[in-house]
Amino acid sequence: HPTDGKVHDVLVVGGGPAGSTVAAFTAMQGHRVLLLEKEEFPRYQIGESLLPSTVHGICGLLGLTEELEHAGFVRKRGGTFRWGSNTEPWSFDFALSEKFAGPTSYAYQVERAKFDQMLLDNARRKGVEVRERCAVRDILEDDGRVCGVRYADPDGAEREAHARFVVDASGNQSRLQGQIGGQRRYSQFFQNIALFGYFEGGRRLPPPNSGNITCAAFPSGWFWYIPLNDTLTSVGAVVHKDSADRIRGDRSQALAALIADCPLIADYLSDARRVTDGPYGEVRVRKDWSYLHETFWRPGMALVGDSVGFIDPLFSSGVHLATYSALLTARSLNTALSGDLEERECFAEYEARYRKEYQVFHDFLVTFYDVNRDEQQYFDEARRVTREAAPGAQAFVGLVGGGASNEAAMTSDAYRDQRKKDLLEQSRGIHWEGHRIQLQAAFGEAADDTPLSADGLVVSQDGMHWEKSVTVPST
Ligand code: FAD
């Protein structure tokens, strides 16, 4: 098959948030990066409610802060829930957590066609070679190592492209994830189905909460209600598979019937009409989204974003997990490509950190689906799963804002500075010399990061590589 004759450093499959992010973060380190995307952008995608960790963390590192600011997306200060034993809606603000307090205490509700296009264009500007309408069909291997892909070009001709590393970011429908070894492990707990459409003229919460996501529980499941601009709202019902019969037949009638069962959403939409043309004109269905792949990588290849895992739309963690996995993978690729550490060690670090973040969201979501509790009980659960010292409500907001990892890249500058001071303060009472050096390094010039385990790696000062941590002598 024809090739372009080059060996790229990194070849990314898929140009969604995960693919664009990993491609940009590796190209920004001077690597030659090729990204192959099946569709021609802009293309439709669900997943419109973002978290502060993505908006201020990842997008800040990508250099997109100003462009996002001027894109006209709705500001999301937090969430409003009709959920649990409280029959009245209750709200939370991202500002409540010290991790996002100050100028970074909001996220955006985005039209994904527009947001994903921004990320992909940004990757191009950072030097990534992006080829759209190129569908990857298979991987190429050399002696057990992945060394490229086979794909169909825009004319349908079969081609090959070679690379030192292939990253599969082709999402939920990935055809390549099976090549990594192991399997997608589907959740026994989250077996939900979503039915969703778009409405013009839906009601807004009074300011300052008018940009909040609203989540409302009802007997068959729950609704999301996401304001995408002054008049357009994304509305979706998430029902357990036991209620799947409610989604059979005519989709628009099924959606109307579910709305009629949820008084809060019915009220918000009482003067609204469903959009019936253009990209928002369809009522869509999605299912089988709760899984985690057993294996994250093999020599020459890694999975990121929805290709590796997703949990559930509640708390809008999808783009956060996708872009966080992309950052962790980019660090692994940058480090392995520079020859500083073995790929095995780098990808193991990615896997350990991602699994931890996934687990926190997963475990919290399991308890949140028990609708017989009140807010305080949910907040206490958030505190338990994150092991945070902060009071329950703050631990809850820190978690659902995407800050559970405590990584500098995911939290506000002010929080990071405070954390460094706290670390130094703690070190005063500690007699292990190595540990003190490490903490002082953290406070001074070196990266503000602590290893996950005794042999774990830490984030380099530039935030884009891994390095060995200073070992703590056991006394
Ligand atoms: P994608 O966005 O799916 O991008 C993958 C890209 O790969 C696509 O552009 C695709 O065209 C391309 N591709 C696929 N196959 C190939 C191939 N063979 N060759 C080349 N390219 C290929 N997340 C949130 O953050 N907030 C929410 O409110 C939210 N709500 C959700 C509601 C529902 C019902 C569901 C199911 C998910 C929701 N999500 C939400 C999750 C979110 O949609 C995903 O987590 C996110 O889009 C993952 O990004 P990604 O880049 O991994 O994959």
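Which element gives the most to the shell around the ligand? Hold that thought for a moment, and hello, everyone. What you have in front of you is a predicted model, and today I'd like to walk you through its ligand and its two largest pockets.

Back to my opening question. It is α7 that gives the most to that shell, with 3 residues.

Now let's look at the whole neighbourhood. The ligand is surrounded by 36 residues, and E37, Q45, I46, D306 and V319 are the closest of them. If you sort this shell by class, you get 17 nonpolar residues, 11 polar ones and 8 charged ones.

Let's zoom in on some polar atoms. In Q45, an N or O atom of the side chain is 2.7 Å from an oxygen atom of the ligand. With A18 we turn to the backbone: one of its N or O atoms there lies 2.9 Å from a ligand oxygen. G318 also brings a backbone N or O atom, this one 3.4 Å from an oxygen atom of the ligand. And how much of the ligand does the protein bury? On its own, the ligand exposes 1,000 Å², and 95% of that is buried by the protein.

Which elements give two or more residues to the shell? They are α1, covering 17-27, β8, covering 135-142, and α7, covering 318-338.

So much for the ligand; on to the pockets. The ligand takes up the space of the largest pocket. That pocket holds about 1,200 Å³ of space. Its lining is made of 48 residues, and Q45, G171, N172, R286 and D306 are the closest to the centre. You'll recognise Q45 and D306, which I also named among the residues closest to the ligand. The elements giving two or more residues to this lining are α1, β8, β12 (192-200), β14 (221-227), β17 (284-287) and α7. By class, the lining divides into 22 nonpolar, 16 polar and 10 charged residues.

One more stop, please: the second largest pocket, with about 750 Å³ of space. Here 26 residues form the lining, and K356, T386, E388, A404 and N406 lie nearest the centre. Two or more lining residues come from each of α8 (343-368), α9 (375-386) and α11 (413-428). Which of these gives the largest share? That would be α11, with 6 residues. As for the classes, this lining has 10 nonpolar, 6 polar and 10 charged residues.

That's my tour. Thanks for listening!

How values were computed
Residues are numbered from 1 along each chain as its sequence is written. This is a predicted model: local features need pLDDT of at least 70, side-chain atom pairs count only at pLDDT 80 or more; totals for chains, interfaces and linings use all residues. Side-chain values use heavy atoms; hydrogens and water are left out. A residue is near a molecule or strand if one of its heavy atoms lies within 4 Å of it. A polar contact is a pair of N or O atoms within 3.5 Å; within protein, one must be able to donate a hydrogen and the other to accept it, and residues adjacent in sequence count only if both atoms are side-chain atoms. Accessible areas come from the Shrake-Rupley method with a 1.4 Å probe; for residues, only the protein chains shown count as cover. On a 1 Å grid over the protein atoms alone, a cavity is a set of points where a 1.4 Å probe fits but cannot get out, and a pocket is an open set with protein on both sides within 12 Å along at least five of seven lines; lining residues have an atom within 4 Å of a point. A molecule sits in a cavity or pocket if more than half of its atoms lie within 2 Å of its grid points. Helices (H or I, at least four residues) and strands (E, at least two) are DSSP runs, numbered from the N terminus. Ala, Val, Leu, Ile, Met, Phe, Trp, Tyr, Cys and Pro count as nonpolar, Asp, Glu, Lys and Arg as charged, and the others, Gly among them, as polar. Grid points are joined across faces, edges and corners, and a volume is the space filled by probe spheres set on the points.
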